[in-house]
Amino acid sequence: MDAFYASVEQRDHPELRGKPIAVGGGIRGVVAAASYEARKFGVRSAMPAVTARRRCPELIFVKPRFDAYRAVSQQIRAIFLDYTPHVEPLSLDEAYLDVTNDLKGIGIATIIAEEIRARILAETGLTASAGVSYNKFLAKIASDQNKPNGLCVVTPARGPAFVESLPVTRFHGVGPKTAEKMARLGIETGADLKARSLEWLAANFGSSAQYYHDLARGICHRQVKADRPYKSVSAEDTFLTDLADPAALVAELDRIGRHVWTRIENKRIFGRTVNLKVKYADFQIISRARSLDRPVADVGEFLQVGIGLLQSLLPPVKSIRLLGLGLSNLGEGQAPAARPVELELPL
């Protein structure tokens with residue numbers, strides 16, 4: 001979807017159409033999504049609100065309405081399922097579809113993509129962009145190629161040359177740190193990566209060598225997996241003012257953790273690892289984790305472990321801007337029986 005959250009807001013509030021808007025923000029928040037009018041000024045998602053406003057003084061901040069976004073996402077998901085059961089959601093606004101054997105018997109992926117885009121516009125009033133290719137890696141990159149409201153097709157004949165022209169920063173699995181390392185080694189584009197032998201890649205990138213070797217040639221073996229399992233469930237919050245008081249920090253983490261546990265119960269999943277995220281006032285981020293030899297029993301134990309991780313950092317060396325708590329090493333099905341847990345909160 002094109003600037004999904006912002007586009008929903010502009011659809012539902014005509015007075016915002018054509019104006020630079022950002023979903024999220026607030027005094028201490030970040031941008032969750034920016035309209036294309038705002039992007040012209042360099043406003044991007046995950047940008048601190050103060051930076052966004054500095055770049056675009058006329059920026060209008062809109063409070064998120066996640067219930068509305070989820071409802072639209074469900075509409076779109078229903079459209080996808082008319083064409084294939086093989087739908088792998090990435091988020092509320094993005095998904096992979098395998099249309100090898102499409103339910104309508106259309107037989108041509110490009111036509112299917114165009115029909116889906118037309119239905120999304122007709123049924124939701126929103127535009128979508130699509131990438132069509134022979135594997136997930138190329139389809140993902142192609143979906144961003146002609147945004148907004150565009151379509152890009154990468155055929156098998158075109159695939160290798162298309163990859164050679166791309167910066168490696170756009171490759172799936174090449175994060176900022178890997179991209180920096182590649183740049184130091186003289187690798188900036190797919191062509192640069194392709195020029196390196198598998199042996200050289202193994203010497204410099206270890207177990208990822210074969211994966212990078214294949215990507216540089218337009219090869220990707222990842223399959224579209226419907227109902228992709230969750231890897232983690234978490235939440236975080238940026239405070240209106242930086243906090244240094246241990247009791248206040250524990251109380252905030254307790255509040256965040258209870259919100260996370262409600263989501264965990266609703267999804268009927270369980271996990272063994274509790275993860276803590278701390279962002280200090282100077283934007284330094286640290287994380288802590290503790291894994292149990294069994295699933296976390298209940299909200300009491302979840303909070304006990306999370307607060308224990310936090311207390312190892314208290315009193316803080318500097319004031320704290322954000323806290324986050326999450327659960328990973330997940331499984332699905334019947335959660336373990338709850339056990340009594342004593343939870344001590346500082347007074």
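**Notebook: confidence, domains and a loop**

I started with confidence. The chain has a mean pLDDT of 91, and 95% of its residues reach 70 or more. I keep in mind that this is a predicted model. Next I looked for a weak stretch. Over residues 333-347 the pLDDT stays under 50. The model still gives that stretch 33 contacts beyond four places in sequence. I read those contacts with the low pLDDT in mind.

**Domains**

I looked up the domain assignment. It gives domain 1 as 4-64 and domain 2 as 67-157. Domain 3 is 165-216, and domain 4 is 232-330.

I then turned to domain 1 and domain 2. How far apart are their C-alpha centres? They lie 25 Å apart. I checked the contacts as well: 10 residues of domain 1 are in contact with 10 residues of domain 2.

How much area is buried between domain 1 and domain 2? I noted about 910 Å², with carbon and sulfur atoms giving 72% of that. Which three residues supply the most on the domain 1 side? They are Phe4, Arg11 and Tyr36, with 63% of the area that domain 1 buries against domain 2. No other three residues supply as much.

I went on to polar links. Between domain 1 and domain 2 I found a count of 0 salt bridges. The interface does have 2 residue pairs in polar contact, both at pLDDT 80 or more. I also asked which element gives the largest share of the domain 1 side. Helix 1, residues 4-12, gives 6 residues of the side that touches domain 2. By type, that side of domain 1 divides into 6 nonpolar, 1 polar and 3 charged residues.

**Salt bridges and the loop after helix 6**

For the whole structure I noted 17 salt bridges. I picked one of them, between Lys147 and Asp2. Its closest N and O atoms are 2.9 Å apart. The pair links distant parts of the chain, 145 residues apart. Lys147 sits in the loop between helix 6 (136-145) and strand 7 (151-153), while Asp2 is in the segment before helix 1.

I stayed with that loop. Is the peptide bond from Lys147 to Pro148 cis or trans? It is cis, with omega near -5°. Pro148 is found in the loop between helix 6 and strand 7. Asn149 has its place in the loop between helix 6 and strand 7 too. I checked its backbone: Asn149 is not a glycine, yet has a positive phi of about 55°. I wrote down why such entries stand out: most residues other than glycine have a negative phi, and most peptide bonds are trans.

I found another cis peptide bond elsewhere, from Leu314 to Pro315, with omega near -5°. Pro315 lies in the loop between helix 13 (299-311) and strand 11 (320-332).

**Around Phe61**

Last, I looked at Phe61, which lies in strand 3, residues 60-62. What does Phe61 touch, not counting residues up to four places away in sequence? I listed Ala22, Gly24, Gly25, Gly26, Val31, Ala49, Ala52 and Arg53. I also checked Phe61 against Pro20, 41 residues apart along the chain. The C-alpha atoms of Phe61 and Pro20 are separated by 8.9 Å.

Terms used: Residues numbered from 1 in each chain as written. Predicted model: local features only at pLDDT ≥ 70, side-chain atom pairs only at ≥ 80, totals over all residues. Heavy atoms only, no water. pLDDT = per-residue confidence, 0-100. Contact = heavy atoms within 4.5 Å. Domains from an automatic or database assignment. Buried area = accessible area lost by both parts, 1.4 Å probe. Salt bridge = Lys/Arg side-chain N within 4 Å of Asp/Glu carboxyl O. Polar contact = N/O pair within 3.5 Å; in protein donor to acceptor, adjacent residues only side chain to side chain. Helix = DSSP H or I, 4+ residues; strand = E, 2+ residues; numbered from the N terminus. Nonpolar A, V, L, I, M, F, W, Y, C, P; charged D, E, K, R; others polar.
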